[in-house]
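Biologist: Please take a close look at a single part of this model and go through what it is built from. One connected account would suit me better than a list.

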Amino acid sequence: MREIMDALSPGAGAQRVVALGDPHALTDSRDRLSLRLAVHAALARRLATGVIAPELATGWSVEPDARTWTIGVRDDASFSDGRAVTARDVVASLRRMTDP
């Protein structure tokens with residue numbers, strides 16, 4: 001964690017390497033979770049009021065059996081390199097989270 005904080009501090013060397021680790025596993029401390037939330041966007045986020053609000057998602061619907069979900073993804077969602085986020089990316093991420 002110290003390496004991450006050093007790299008984020010003013011005056012940190014441009015060549016410093018920071019290993020964030022697996023984004024699906026960075027919830028073990030408040031600092032790591034805060035960093036993950038600053039770097040990675042979620043499909044939805046729980047607001048302070050407790051309401052679940054879309055972030056990358058435009059909305060969702062759930063079949064009566066709760067086994068099939070249809071999730072819309074924002075048209076302007078993109079990765080840091082500018083590549084558009086697609087439905088395939090979302091499926092791959094959800095599969096990765098459920099079977100690391």
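Modeller: A helix here is a DSSP run of H or I with at least four residues, a strand is a run of E with at least two, and both are numbered from the N terminus. The model is predicted, and the part I will describe is its second largest pocket, whose lining takes its largest share, five residues, from helix α3.

First, the setting. The protein has three helices and four strands, and along the sequence they follow the pattern α-α-β-β-β-β-α. Of its 100 residues, 11% count as buried. Among contacts between residues at least 6 apart in sequence, 13% join residues at least 24 apart.

The pocket itself holds about 190 Å³ of space. Its lining consists of Trp69, Thr70, Ile71, Val73, Ala87, Val90, Val91, Leu94 and Arg95. Two elements, β4 and α3 (87–98), each supply at least two of these residues. Sorted by class, seven lining residues are nonpolar, one is polar and one is charged. Arg counts as charged, and Arg95 belongs to the lining.

On the strand side, β4 covers residues 69–73 and pairs with β3, residues 57–62, in the antiparallel sense over five bridges. Ile71, a lining residue, stands opposite Trp60 in this pairing. The two strands form a hairpin with six residues between them. Ala66 lies in that loop, and its phi is positive, about 65 degrees, although Ala66 is not a glycine. As a rule, most residues other than glycine have a negative phi. Ala66 counts as partly exposed because its relative accessibility is 49%, and the exposed class begins over 50%.

Gly72 is also in β4. With a relative accessibility of 25%, Gly72 is partly exposed, since the buried class requires a value under 20%. Leaving out residues up to four places away in sequence, Gly72 touches Leu56, Ala57, Thr58 and Gly59. Between Gly72 and Ser61, eleven residues apart in sequence, the C-alpha separation is 9.0 Å.

One of those contacts, Ala57, leads across to β3, where Ala57 has its place. Ala57 is buried, because its relative accessibility is 4%. With neighbours within four places set aside, Ala57 is in contact with Leu43, Ile71, Gly72, Val73 and Arg74. Among these, Ile71 and Val73 also line the pocket. Ala57 and Ala77 are 20 residues apart along the chain, and their C-alpha atoms are separated by 9.0 Å.

On the helix side, Val91 is a residue of α3 and a member of the lining. Its 38% relative accessibility is why Val91 counts as partly exposed. Val91 and Ile71 are 20 residues apart in sequence, and 10.0 Å separates their C-alpha atoms. Both residues line the pocket.

Val90, next in the list of lining residues, takes the description into the interior. Beyond residues up to four places away in sequence, Val90 touches Leu43, Val73 and Val85. Two of these, Val73 and Val85, belong with Val90 to the largest nonpolar core. That core has five residues, and Leu56 and Ala77 are its other members. Members of such a core are by definition buried, so each has under 20% relative accessible area. In soluble globular proteins, nonpolar side chains tend to be buried together.

Val73 and Val90 therefore appear in two places: both line the pocket, and both belong to the largest nonpolar core, where membership is defined by buried residues joined through side-chain atoms within 4.5 Å. To put the parts together, β4 and α3 each give at least two residues to the lining, β4 pairs with β3, and Val90 touches Val73.

Methods. Residues are numbered from 1 along each chain as its sequence is written. This is a predicted model: local features need pLDDT of at least 70, side-chain atom pairs count only at pLDDT 80 or more; totals for chains, interfaces and linings use all residues. Side-chain values use heavy atoms; hydrogens and water are left out. Two strands pair if DSSP finds at least two bridges between them. Buried means under 20% relative accessible area, exposed over 50%, partly exposed in between (1.4 Å probe, protein chains only). On a 1 Å grid over the protein atoms alone, a cavity is a set of points where a 1.4 Å probe fits but cannot get out, and a pocket is an open set with protein on both sides within 12 Å along at least five of seven lines; lining residues have an atom within 4 Å of a point. Grid points are joined across faces, edges and corners, and a volume is the space filled by probe spheres set on the points. Contact means heavy atoms within 4.5 Å.
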